[in-house]
Amino acid sequence: MKKIISALGQPYPYYNTNAKAPQNALFVFIFSFLFLILFRPFTVTDTEHKFSYSIICLLHALNAAFVYFVFTFLFNKLAKPLVKEENWKVYKTILLTAAILFFIGAGSFLLRPFIYANPNNASWRYFKDETINTFLIGTLIFGAFTLIDMYRLLKTNQTNVLAIQEKLKKSKPDVEEKVGIESDCIKLNIDNEVFEIVANEFLFAKAEGNYVIFYFNKNNSISKLLKRIALKNVEEQLLPQSALFVKTHRAFLVNTKHIIKIEGNAQGYQLYFENIDFAVPVSRALIPTFKAVMKAI
């Protein structure tokens, strides 16, 4: 039980983005149709059917896909501050799934007059049956899937991180030598002014709205410098100047020389720097790029 409770609080990818909504809705449609037609999970009275059972399953599956698509779109638009992937957890995925399933059940209830010849279609009893059955079965299935997927991603990322961590330890002397060969100062053009940073002191850059915070470690003392510039602009100027720099997240660009530890979770990797009290994420989409840079150093 403790393991399940602990797992619910683990980081987890946010899959319900608007970009993925069409393919997710298609999956919901196919899964719902096959589940209903193969398992016939609910008691049905064939004499009440206005259509064949396969057509009824098709209509319920279409309802599920439509409700998922609309709910996801509205949730992402209205609750945008809540869906930052770095703050997303397993329990949030399960709660969101439960909410979607509740509305799918409500949609199935509204379908009843069109597919069943029953004078009590609009009763509280059938509303309760449709919503509770959909909610319970769907939450059980997708909740289990979420936990299994979380453990799969966690194991994969932790295994990959061990190899990278070992490579990092072995390559430290070479990295130090490589940095020494490169120019000690790196120049950035910000608002037509030249801004110089010391390569050996630069840890990472973090985007904050229209600004970027540059983090430095000089003589074991952390300093920060705020500049009005887009991280993309920093990326375009910094990356060509050193093979040690890499973008790891939409909000972070790091100097791999200063990474002291790497950990993995279901969302990706976590990078740690000396005297920094938070981890820098490596998002799932940028893991291949990060691995390629780490392999090359």
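Two strands count as paired if DSSP finds at least two bridges between them. Keep that in mind as you work through these exercises on a predicted model.

**Exercise 1. How many bridges join strand E3 to E4, and which residue in the hairpin of E3 and E4 takes a positive phi?**

Solution.
- Start with the pairing: E3 (residues 202–208) runs antiparallel to E4, and six bridges join the two. That satisfies the cut-off of at least two bridges.
- Next, pick out one partnership: Ala205 has Phe214 in E4 as its bridge partner.
- Finally, look at the turn. The hairpin of E3 and E4 has two residues between the strands, and Gly209 takes a positive phi near 65°.

**Exercise 2. Follow the chain onward: how do E4 and strand E5 pair, and what is the phi of Asn219 in the turn?**

Solution.
- E4 pairs with E5 (residues 221–227) over seven bridges, in the antiparallel sense.
- Within this pairing, Tyr215 has Lys224 in E5 as its bridge partner.
- These two strands form a hairpin with two residues between them, and the phi of Asn219 in its turn is positive, about 55°.

**Exercise 3. Why is strand E4 described as largely enclosed by the rest of the structure?**

Solution.
- Recall the cut-off: a residue is buried when its relative accessible area is under 20%.
- Now apply it to E4 (residues 211–218): six of its eight residues are buried, so the strand is largely enclosed by the rest of the structure.

**Exercise 4. Describe the sheet with the order E8-E9-E10, and find the helix that packs on it.**

Solution.
- A helpful reminder: strands of a sheet pair through backbone hydrogen bonds, either parallel or antiparallel.
- Here, the three strands make an open sheet with antiparallel pairing.
- E8 (259–265) and E10 (280–283) are the edge strands; each has a single partner strand, so one side of each lacks a neighbour in the sheet.
- From one strand to the next, the twist averages 25°.
- E8 and E9 (residues 268–273) are joined by six bridges, with Ile262 opposite Leu271 in E9.
- Helix H7 (residues 287–296) packs on this sheet and touches E8, E9 and E10, its direction making about 50° with that of E9.

**Exercise 5. How many disulfides does the whole structure hold, and are Cys57 and Cys185 buried or partly exposed?**

Solution.
- A search for disulfides through the whole structure finds zero.
- Cys57 has 1% relative accessibility, so Cys57 counts as buried.
- Cys185, at 34% relative accessibility, counts as partly exposed, because that class lies between the cut-offs of 20% and 50%.

How values were computed: Residues are numbered from 1 along each chain as its sequence is written. This is a predicted model: local features need pLDDT of at least 70, side-chain atom pairs count only at pLDDT 80 or more; totals for chains, interfaces and linings use all residues. Side-chain values use heavy atoms; hydrogens and water are left out. Helices (H or I, at least four residues) and strands (E, at least two) are DSSP runs, numbered from the N terminus. Axes are lines fitted to C-alpha atoms, for helices over the stretch in contact, and angles run from 0 to 180 degrees between N-to-C directions. Contact means heavy atoms within 4.5 Å. A disulfide is a pair of cysteine sulfur atoms within 2.5 Å. Buried means under 20% relative accessible area, exposed over 50%, partly exposed in between (1.4 Å probe, protein chains only).
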